[in-house]
Amino acid sequence: MQGRVPEVRIVNGDVVTAPGVGPVPRVWLPLDGQVVAKIPPLKGNYRWLHRTVRIRSPHLDGDRWHLPRNCLNRLVMAAVDRYGYIVVWRDMSRLSRCTRACLEATGVECDCSCLGAYHGEDSVGWFERVGDMMVADRGEFTRTAMVYGTRGNEVDPVIYRGELRGRIYRVDRAGRKGWPFASQFMCAGCMSVRARVWDHCHTHGFVRAPLCNTCNTRHWGGWQPQHGRAIPSRNLDTSYYRCCPHYGDEWQAPCSA
């Protein structure tokens, strides 16, 4: 994101998105208790949390989901693939010295003096901090806010050749061991820009292909073309649906986006 304004920013405590960027989920990690998440209202959110993020019993209270703390890392990874970005607020009361353990951390929880700014910086992660961090002194604790997005890549992208064909989509580090980053490839949908996220079949759970954010969210409602949303065209190739092993099987449920 260096050299240009990030697509998602936190300005005076508010989440600001660039034109054409879809809804962004927001998560709050309090000092104690469950994770509270505000997820854009889409059909199938419960199934997504239950089957993809692997939360046994997601609980919806009004427009907020109450989720176990141990799901936070998986939730961030899954949300980045689904939406492109996620905003995480966290409250901290114990600020210890920033150590190597912080730099090599694999999760997003942090209680050290860097306030999460360098948390996991030296680890091989599937997402990274985007833009600046916001810090607010709330008296008994400090509240930070960060935007996470897909990890960037400076190497020229290549054409996807089915490197993950037949693999079950996973959002944990162990399950993604040996996976290439989506940003190593061109988007399999439009073939015009670098991919950002891994798309998967929500029905059968298989990885399909690397996509850019626009192609990945083209099925969503409420985002109009005049606001930057891509519309289906001759340039949109949906053949990557066939990367799901059950695509076209008459005895199986049809593949879903």
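In this predicted model, helix H3 (residues 100-103) has the lowest mean pLDDT among the elements of the chain, at 55, and strand E6 (residues 64-67) has the highest, at 96. Here pLDDT is the predictor's confidence in each residue, from 0 to 100, while helices (H or I, at least four residues) and strands (E, at least two) are DSSP runs numbered from the N terminus. Over the chain the pLDDT averages 79, and 77% of the residues score at least 70. Because the model is predicted, local features need a pLDDT of at least 70 and side-chain atom pairs count only at pLDDT 80 or more, whereas totals for chains, interfaces and linings use all residues. Residues are numbered from 1 along each chain as its sequence is written, and side-chain values use heavy atoms, with hydrogens and water left out.

Seven strands form an open sheet of mixed pairing, in the order E5-E6-E4-E3-E7-E9-E8, where two strands pair if DSSP finds at least two bridges between them. Strand E5 (59-61) and strand E8 (127-137) stand at the edges with a single partner strand each, so one side of each is left without a neighbour in the sheet. Within the sheet, strand E3 (residues 26-29) and strand E4 (residues 35-38) pair in the antiparallel sense over three bridges, and Arg26 stands opposite Lys38 in E4.

The structure holds seven aromatic pairs; rings of Phe, Tyr and Trp (its six-membered ring) pair if their centres lie within 6.5 Å, and planes under 30 degrees apart count as stacked, over 60 as edge-to-face and the rest as tilted. Two of these pairs are set out below.

| Pair | Centre to centre | Between the planes | Type |
|---|---|---|---|
| Trp48 and Tyr83 | 6.1 Å | 90 degrees | edge-to-face |
| Phe185 and Trp198 | 5.9 Å | 65 degrees | edge-to-face |

Trp48 lies in helix H1 (residues 45-52) and Tyr83 in helix H2, so their pair ties together parts that are 35 residues apart in sequence. Trp48 is buried, with a relative accessible area of 3%, and Tyr83 is buried too, at 4%, where buried means under 20% relative accessible area, exposed over 50% and partly exposed in between (1.4 Å probe, protein chains only). Both Phe185 and Trp198 are likewise buried, and ring pairs link these two residues with Tyr160 and Trp179 into a cluster.

Charged side chains also meet rings: Arg82 lies over the face of Trp48, at 4.6 Å from the ring centre, and the charged end of Arg208 sits over the ring of Tyr241, 4.2 Å from its centre. A charge sits over a ring if NZ of Lys or CZ of Arg is within 6 Å of the ring centre and within 35 degrees of the ring normal.
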